[in-house]
Amino acid sequence: MKSKKAIIYCRVSTTKDEQASSLERQREELERLADNKDMEIVKVIEEKESGYEIEREGVFSMLELFASNEAECLLIQDETRLGRGNTKIALFHQLNKLNIAVYTLTDSDEFKLSESDSMLLQIVGIVEEYQRRIHNLKIKRGMKKAIEKGFNPGDNLKHQNQGTGRERIEFPIDEVVRLRQNNLTFEEIAATLRGLGYSVSKATVHRRYREYVSLESPANEG
């Protein structure tokens, strides 16, 4: 019984006829590697694309299979087949996040990046973590400021799925208007709404606010 499910990824950089034999050779060698390691091959992906290009159908297909837990390891001829330069680092970062083991023809065990590449991955991970923290702090700051201005999160959670016409098509526009009148920025208002589960951007909040104002102004004039 096969112990692990694997994806074989083969790539050449040009569409020249002589490269076809290279793809075939990569596939055959990796199929033997899978057999030697008692792995079940879920999919074989072959591409004729530059290693510097990240927008590859085969790469997207591979990542989707890994994300859906249909495979747990990747077999490649060597690290350059996956990608080159920044593209290689970005793809290995995604594989690390998905906990995907990588095996190559040149390594007897699971592939390990060089010390310099591993350091780059650590830096990328640190940057991502701080971006997440900053995003959460912006939500927290916006929520705190909104509450200080009279915003009641409980009221909006209670009515979150109850539309009342134009004002609550996607999010409570009446609260947006009130918070805007209390000098909160559109970014702070959007962050507050995201904290309540409304997936809205600063641009969307601003646009809906302008629409509301333009629709309400005739009535206000009377």
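## A walk from Asn-69 to helix H9

Select Asn-69 to begin: this residue is exposed, with a relative accessible area of 69%. Buried here means under 20% relative accessible area, exposed over 50%, and partly exposed in between, using a 1.4 Å probe and protein chains only. You are looking at a predicted model, in which local features need pLDDT of at least 70, side-chain atom pairs count only at pLDDT 80 or more, and totals for chains, interfaces and linings use all residues. Numbering starts from 1 along each chain as its sequence is written, and side-chain values use heavy atoms, leaving out hydrogens and water.

**The overall layout**

Zoom out and color by secondary structure. The protein has 9 helices and 4 strands, each of them a DSSP run (H or I of at least four residues for a helix, E of at least two for a strand) numbered from the N terminus. Reading from the N terminus, you pass through β-α-β-α-β-α-α-β-α-α-α-α-α. Of the 222 residues, 36% count as buried.

**Two asparagines with positive phi**

Back to Asn-69, which sits in the loop between helix H2 (57–67) and strand S3 (73–76). What is phi for Asn-69? It is near 60°, a positive value in a residue other than glycine. For context, most residues other than glycine have a negative phi.

Now jump to Asn-99, in the loop between helix H4 (85–97) and strand S4 (101–104). Phi of Asn-99 is likewise positive, near 60°. With 68% relative accessibility, Asn-99 counts as exposed.

**Salt bridges**

Switch on side chains. How many salt bridges does the structure hold? There are 4, each defined as a side-chain nitrogen of Lys or Arg within 4 Å of a carboxyl oxygen of Asp or Glu.

Select Glu-46 and Arg-27, whose side chains meet at 2.9 Å, N to O. This pair links distant parts of the chain: Glu-46 belongs to strand S2 (residues 39–48) and Arg-27 to helix H1 (residues 17–36), 19 residues apart. Glu-46 is partly exposed at 38% relative accessibility, and Arg-27 is partly exposed at 23%. Add Glu-31 to the selection and you have a network of salt bridges linking Arg-27, Glu-31 and Glu-46.

Next, show Glu-79 and Lys-88, which form a salt bridge at 2.7 Å, N to O. Are these two buried or exposed? Lys-88 counts as buried, with 12% relative accessibility, while Glu-79 is partly exposed at 23%.

**Along helix H5**

Pick Asp-117, in helix H5. Asp-117 is buried, at 11% relative accessibility. Draw a distance from its C-alpha to that of Ile-89: the two atoms are separated by 7.1 Å, although the residues are 28 apart along the chain.

Now turn on the surface and select Met-119, Leu-120, Ile-123 and Val-127, which make a nonpolar patch of about 350 Å². Patch residues have over 30% relative accessible area and no salt bridge; nonpolar side chains (Val, Leu, Ile, Met, Phe, Trp, Tyr) are joined within 5 Å, like charges within 9 Å. Areas come from the Shrake-Rupley method with a 1.4 Å probe, and for residues only the protein chains shown count as cover. Val-127 is found in H5 (residues 115–148). Its relative accessible area is 44%, so Val-127 counts as partly exposed.

**Helices H7 and H8**

Move on to helix H7 (residues 173–181), where Ile-173, Glu-175, Val-176, Val-177 and Leu-179 are buried. After H7 comes Asn-183, another stop for phi: the value is positive, near 75°.

Bring helix H8 (residues 186–195) into view beside H7. The two pack at an angle of about 140°, with their axes 10 Å apart. That makes H7 oblique to H8. Axes are lines fitted to C-alpha atoms, for helices over the stretch in contact, with angles from 0 to 180 degrees between N-to-C directions. Under 35 degrees is roughly parallel, over 145 roughly antiparallel, 65 to 115 roughly perpendicular, and the rest oblique.

**Last stop: helix H9**

Finish with Glu-211 and Arg-208, a salt bridge whose closest N and O atoms are 3.7 Å apart. Where does this pair lie? Both residues are in helix H9 (residues 202–221), 3 residues apart, about one turn of the helix. Glu-211 counts as partly exposed, at 36% relative accessibility.
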